[in-house]
Every structure is written in C-alpha cells, then in structure tokens.
Amino acid sequence: MKVNIIGGGISGLAAGCFLQMNGFETHIFEKHSIPGGLCTSWKKGEYTFDSCAHWILGSDEGSSFYKIWAELLDMKKINFHNHDIRVEVGTKDHANKYGEKNFKLYTNLTRLEEYMIDLAPEDEKAIKDFIKPMRIMQKFDLPPILDDLPFIPSMIRGIKMTRYAEFLYWFLKIKNYTNYTYAKKFKNPFLRESFELLYDGEEVNMMILSMPLSVFDKKSAGYPIGGSMEFAKKIEHTYLSLGGTMHYKTPVKKIITENGVAKGLLVRILMHWMENLLIRICLIFVILKSLKYFIRLCNSHSELEKT
Ligand SMILES: Cc1cc2nc3c(=O)[nH]c(=O)nc-3n(C[C@H](O)[C@H](O)[C@H](O)COP(=O)(O)OP(=O)(O)OC[C@H]3O[C@@H](n4cnc5c(N)ncnc54)[C@H](O)[C@@H]3O)c2cc1C
C-alpha cells in the first residue's frame with residue numbers, strides 16, 4: 001500500500017517513519033528545500049538561532065515521550081541541556097526586597113518556592129498553592145502508553161488509571177486561572193508585577209506556565225544540543241533509511257477528490273495520482289499519539305483485504 005504525505009515537518013516525517021516501519025511505501029511532499037517545518041534553527045557565526053524546540057518533552061530516559069521519540073531517533077546520541085532558569089523577567093515599577101528589578105522563574109521547584117517565599121513571606125500560602133499542583137502533575141507520566149495487553153492485565157491497568165482523576169482535578173482547577181488572575185493572589189507588588197510580565201505582558205492560561213515547570217523540574221524537557229534543525233534532520237535520516245522518499249521544493253497545490261474521496265495530488269503543475277491513502281500535515285502531539293492506532297487500523301484493514 002502506498003501513502004502520500006503532505007508536509008515534511010515533524011508530523012509528516014513521524015508519519016512517514018511509522019508507516020515505513022509498518023510496511024507502507026510512502027512519499028513526502030514538502031514545499032521547502034529542508035525538513036522540519038516549524039521545527040527549525042539556523043546558524044550565524046558561532047551562534048545557533050532556534051525558533052522551535054526550546055524544550056523537548058521526554059528528554060529523560062524512561063518517560064512515555066522518550067519511548068515515543070526513541071522509535072524515531074537514537075535518543076542516546078542526543079545531548080539535552082536542562083536550563084536552571086526558565087525565564088528572567090525585568091519589572092518596570094516594582095523592585096524586590098534586595099532592590100533588584102528582575103524575577104527569576106527557576107526550573108527547580110524547591111528552589112523556586114524558597115526564592116519566592118524569601119522575596120514575599122507574606123504570600124507563603126499563595127506560593128505553596130502555586131507549587132502544589134505542579135508537584136501533583138509530576139506524579140503522572142504523560143501520555144499514558146496503552147500497549148495491547150491481555151484482558152485481565154488490561155482491566156487492572158484500567159482500574160489503576162482511575163488515579164488520573166487526581167490529575168484531571170488539578171488540571172481543571174489551574175485551567176481557571178491566568179497569570180493575571182493568579183498574580184492578584186499575591187500581596188507582594190513585585191511578585192504580582194512579575195507574574196503579569198511572564199509572557200511579555202500577555203495574559204495566558206496558568207497551564208501554560210505550570211505544565212512545563214512540572215516537567216522542567218523532573219529534567220524531562222531539555223533543549224536538544226545542536227538545535228531544532230539537527231533534531232529534525234535526525235528524524236529525516238530515520239525516514240530515508242527506512243526507505244521513504246522525500247520530494248523537496250514540491251508544493252502540493254491541490255488534493256484531487258472524486259465524490260468526496262481523495263484521489264490524487266496536484267503537485268506544482270504535475271498531477272501525482274495517489275495510490276491508497278493521504279495524510280495531511282497535523283499537530284505533532286496528535287500525530288505521535290494517534291499514529292500507532294492508525295497503523296494498527298490500516299494493518300488490520302490490509303489483513304482483511306488479503307483474506
Ligand atoms: C516559536 C515556536 C516555538 C516552539 N517551541 C516548541 C518547543 O519548545 N517544544 C515543542 O515540542 N514544540 C514547540 N513548538 C511547536 C512545534 O514547532 C510544532 O508543534 C511542530 O513543529 C509542528 O510540526 P508539524 O509537522 O505538525 O507542522 P509544521 O512544522 O508546520 O510542518 C508542516 C510542513 O508542511 C509543509 N507544507 C505546508 N503546506 C504544504 C503544501 N501545500 N505542500 C507541501 N508542503 C507543505 C511546510 O513547509 C512544513 O514543512 C514551537 C513552535 C513555535 C512556532
């Protein structure tokens with residue numbers, strides 16, 4: 001069975017790899033001349049400018065995401081750097097008790113808690129309430145990998161998974177706050193201003209702050225040394241070694257459909273007829289998570305065709 005994939009970003013490359021591993025013949029059509037899509041970086045002199053992978057979930061061996069990445073690249077060959085400080089914010093109006101006008105968002109939660117309490121002992125409760133959900137989230141390895149299991153072990157796993165209700169509870173609780181509404185919990189004006197400025201003054205959901213911090217503390221979301229482009233090229237290398245074909249500088253102009261069914265691709269001025277399936281570019285996390293199920297589905301479909 002042949003599959004045409006539009007887009008050589010991480011999703012397209014990952015889709016290509018998993019399909020090749022499972023016996024499909026794939027072609028990736030990419031309008032750019034390089035792989036990676038948004039996952040890119042470039043060099044200027046001795047500097048690497050990175051526009052993407054500032055943190056790769058699953059950089060620590062043993063986590064679920066590590067296992068998924070390890071199917072696509074040799075994770076042992078990638079060095080990850082774990083930053084001590086996630087972001088340092090310069091305040092405009094208020095200084096801390098040491099006269100400094102910068103707030104450090106440490107990635108180590110214990111250090112962060114101590115630092116914040118030292119700056120604002122009057123806000124101890126609000127600070128501890130900020131740290132607590134992250135400590136709870138850390139207990140859960142996400143995404144839970146649901147391998148095929150016989151009936152009884154699968155039932156036992158299902159029962160154990162009810163403990164994810166605790167994660168859901170805290171997720172929904174934090175989701176109600178933004179950095180602005182959380183800032184209002186602090187009496188200390190320096191902390192309040194710092195929280196409001198964490199995202200260049202933008203108001204964002206607290207999950208965007210808390211979720212990454214919970215994994216940074218575990219050293220489970222490092223920066224891949226070499227940069228995003230090197231990271232993407234490694235997945236491209238896996239794809240090519242699995243026998244996949246890349247078509248660079250090949251924008252897909254149109255998907256040809258017949259009666260609502262995708263039948264072919266209009267590539268530049270040429271028509272490239274599809275064989276069986278077409279995958280459009282889609283979100284990285286969704287594709288990584290859903291591909292196994294998709295491939296399983298296709299395999300069972302082709303098994304049916306054989307019989
Ligand atoms: C500033 C920034 C920072 C980020 N930081 C992180 C981070 O720290 N950690 C993290 O995990 N994620 C991060 N992300 C998110 C991550 O980059 C994306 O989720 C991921 O790269 C998306 O990959 P994709 O393959 O789904 O899409 P894309 O990367 O958008 O790939 C789509 C590809 O399809 C090609 N294409 C589109 N249309 C056509 C067409 N008609 N014909 C042929 N080719 C076509 C494009 O050229 C592109 O190469 C960041 C994103 C941004 C923008």
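In this predicted model, helix α1 (residues 10-21) contributes three residues to the shell around the ligand, which is the largest share. The shell as a whole contains 26 residues, and the closest to the ligand are Gly7, Gly9, Ser11, Gly37 and Leu38. By class, the shell divides into 15 nonpolar residues, nine polar residues and two charged residues.

The protein chain that provides these surroundings has eleven helices and 14 strands. Of its 307 residues, 29% are buried. Among contacts in the protein chain with a separation of 6 or more, 66% are between residues 24 or more positions apart.

Helix α1 appears again in the packing of helix α10. The buried residues of α10 pack against α1 and against four strands, namely β3 (41-44), β4 (47-50), β9 (221-224) and β10 (245-247). These buried residues are Ser228, Met229, Phe231, Ala232, Lys234, Ile235, Glu236, Thr238 and Tyr239. The list includes the charged residues Lys234 and Glu236. Helix α10 covers residues 228-241, and its 14 residues should span 20 Å at 1.5 Å a residue; the C-alpha atoms at its two ends are 20 Å apart, in agreement with this expectation. Just after the helix, Gly243 adopts a positive phi of about 100°.

A pair of helices, α3 and α4, was examined next. Helix α3 (residues 109-119) packs with helix α4 (residues 124-137) at an angle of about 170°, and their axes lie 10 Å apart. Because angles over 145 degrees count as roughly antiparallel, α3 and α4 are assigned to that class. On the α3 side, the residues that meet α4 are Leu109, Glu113, Met116 and Ile117. Their partners in α4 are Glu124, Ile127, Ile131, Met134 and Arg135. The contact of α3 with α4 comprises six nonpolar and three charged residues, with no polar residues. The spacing of such residues along a helix can be read against its geometry: an α-helix has 3.6 residues a turn, so residues three or four places apart point the same way.

Helix α3 is also a partner of helix α8 (residues 189-196). The buried residues of α8 pack against α3, α7 (179-183), β7 (85-90) and β8 (102-106). Those buried residues are Phe190, Leu191, Arg192, Ser194 and Phe195. Leu191, which is placed in helix α8, has 25 C-beta neighbours inside 10 Å and therefore counts as buried, the threshold being 20 or more. Beyond its neighbours within four places in sequence, Leu191 is in contact with Met116, Leu119, Ala120, Asp123 and Phe186. Of these, Met116 is 75 residues away from Leu191 along the chain, yet the two C-alpha atoms are separated by 7.9 Å. Met116 is also one of the α3 residues that meet α4.

A second buried position in this region is Phe103, located in strand β8. Phe103 counts as buried because 22 C-beta neighbours lie inside 10 Å. When residues up to four places away in sequence are not counted, Phe103 touches Val89, Thr91 and Ser194. Ser194 is itself among the buried residues of α8. Phe103 and Leu197 are 94 residues apart in sequence, and their C-alpha atoms are 9.6 Å apart in space.

Several loop positions were also considered. Gln138 is found in the loop between α4 and α5 (151-160). With 15 other C-beta atoms within 10 Å, Gln138 is partly exposed. Apart from neighbours within four places in sequence, its contacts are Ser214, Asp217 and Lys218. The C-alpha atoms of Gln138 and Phe167 are 9.3 Å apart, although 29 residues separate these two along the chain.

Lys219 occupies the loop between α9 (206-217) and β9. Its phi is near 55°, a positive value in a residue other than glycine. Lys219 has 13 other C-beta atoms within 10 Å and is therefore partly exposed. Asn259, in the loop between β11 (252-258) and β12 (261-267), likewise is not a glycine and has a positive phi, of about 50°. Asn259 has 5 C-beta neighbours inside 10 Å and so counts as exposed, since the limit for that class is 12 or fewer.

Key. Residues are numbered from 1 along each chain as its sequence is written. This is a predicted model: local features need pLDDT of at least 70, side-chain atom pairs count only at pLDDT 80 or more; totals for chains, interfaces and linings use all residues. A residue is near a molecule or strand if its C-beta atom, placed from the backbone, lies within 6 Å of it. Axes are lines fitted to C-alpha atoms, for helices over the stretch in contact, and angles run from 0 to 180 degrees between N-to-C directions. Angles under 35 degrees count as roughly parallel, over 145 as roughly antiparallel, 65 to 115 as roughly perpendicular and the rest as oblique. Two residues are in contact if their C-beta atoms, placed from the backbone, lie within 7 Å. The expected span of a helix is 1.5 Å times one less than its number of residues.
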